[in-house]
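Here is a short walk through one protein model, from a turn outwards to the whole chain. Have the structure open as you read.

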Amino acid sequence: NDADGTERYGYYFNRERGKPLFVSLLLYLNKEWALDNDAETLFLDNDTATGVFVRPKAYRAVLMDQDVVHRLSTPSMTARRPRYSLVWKLVFVPKSADERMRTLARPEWGSGVFFGSAAHADEALEQERKKKQRTQ
């Protein structure tokens, strides 16, 4: 049983060339959500100690690498109801050993928001690849 793909692909960092890409799609479901209800999602970058808050908005979708550190805030006392969301865990398998998914975003969606070390993902992946080669 190779349910997690380690027999075929081994252990690797997400976004490595020729390896499956693991992403999450977060969809906010409440039709109405006032700003003072809070319940934001905070996305964190540990390397730079920076973060980005995303406020719930009806049917807003957030597409992110699964290994992005994030947490949910609780609704404020004035909300008096829960915030609902739906999360899909998705895996994109490359067609060839040299293929690498740079982005899942489509041009009509506008440009993605990269912050912290994600803005330098190519550099970070190359450094990790070199470290991995030295330890083998």
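## The β2-β3 hairpin

Start at the hairpin: β2 and β3 form it with four residues between them, and in the turn Ala-49 has a positive phi of about 55°. Keep in mind that this is a predicted model.

The two strands of the hairpin, β2 and β3, run antiparallel and are joined by five bridges. Two of the facing pairs are easy to pick out. Leu-42 sits opposite Phe-53 in β3, and Leu-44 sits opposite Gly-51 in β3.

## The sheet around β2

The hairpin belongs to an open sheet of three strands, with the order β3-β2-β5 and antiparallel pairing. Its edge strands are β3 and β5 (69-72), each of which pairs on one side only. On average, neighbouring strands here are turned by 20° against each other, direction ignored. As for what holds such strands side by side, strands of a sheet pair through backbone hydrogen bonds, either parallel or antiparallel.

On its β5 side, β2 pairs in the antiparallel sense over four bridges. Thr-41 faces Leu-72 in β5 across that pairing. So how enclosed is β2? Four of its five residues are buried, so β2 is largely enclosed by the rest of the structure.

Leu-44 deserves a second look. This residue is found in strand β2, yet Leu-44 counts as partly exposed because its relative accessible area is 31%, which falls between the 20% and 50% cut-offs. Leu-44 is also 27 residues away from Arg-71 in sequence, while their C-alpha atoms are 8.3 Å apart in space.

## The loop between β1 and β2

Before β2 comes a loop with some contrasting residues. Lys-31 lies in this loop between β1 and β2, and its 67% relative accessibility makes Lys-31 exposed. What does Lys-31 touch, leaving out residues up to four places away in sequence? The answer is Ala-58 and Tyr-59. Lys-31 and Tyr-59 are 28 residues apart along the chain, with their C-alpha atoms separated by 7.5 Å.

Asn-37 lies in the loop between β1 and β2 as well, but Asn-37 counts as buried, at 7% relative accessibility. Once neighbours within four places in sequence are set aside, the contacts of Asn-37 are Pro-75, Ser-76, Thr-78, Ala-79 and Arg-81.

## One salt bridge

How many salt bridges does the structure hold? Just one. Arg-55 forms it with Glu-40, and the closest N and O atoms are 3.2 Å apart. Arg-55 lies in the loop between β3 (50-54) and β4 (61-65), while Glu-40 lies in the loop between β1 (21-28) and β2 (41-45), so the pair ties together parts that are 15 residues apart in sequence.

The two partners are not equally covered. Arg-55 counts as partly exposed, at 37% relative accessibility, whereas Glu-40 counts as buried, at 11%. On the pairing itself, side chains of opposite charge can pair when their charged atoms come close.

## The nonpolar core

Which residues make up the largest nonpolar core? There are six in all: Leu-26, Tyr-28, Phe-43, Val-54, Val-62 and Met-64. The elements that give two or more residues to this core are β1 and β4.

Tyr-28 is a good core residue to click on. Apart from neighbours within four places in sequence, its contacts include Val-54 and Val-62, along with Thr-41 and Arg-55. Among the others are Pro-56, Lys-57, Ala-58, Tyr-59 and Arg-60, and then Arg-83, Tyr-84 and Ser-85. That list brings in the salt-bridge residue Arg-55 and also Ala-58 and Tyr-59, which Lys-31 touches too.

## The whole chain

Zooming out, the protein chain has two helices and six strands. From the N terminus on, they run α-β-β-β-β-β-β-α.

Buried residues make up 26% of the 136 residues in the chain. The chain exposes about 9,900 Å², with carbon and sulfur atoms supplying 54% of that area. Finally, of the contacts between residues at least 6 apart in sequence, 75% join residues at least 24 apart.

Terms used:
Residues numbered from 1 in each chain as written. Predicted model: local features only at pLDDT ≥ 70, side-chain atom pairs only at ≥ 80, totals over all residues. Heavy atoms only, no water. Salt bridge = Lys/Arg side-chain N within 4 Å of Asp/Glu carboxyl O. Buried < 20%, exposed > 50% of the residue type's maximum accessible area, 1.4 Å probe, protein only. Contact = heavy atoms within 4.5 Å. Areas by Shrake-Rupley, 256 points an atom, 1.4 Å probe, with all protein chains shown as cover. Core = buried A, V, L, I, M, F, W, Y, C linked by side-chain atoms within 4.5 Å. Pairing = 2+ DSSP bridges. Axes fitted to C-alpha atoms, helices over the stretch in contact; angles between N-to-C directions.
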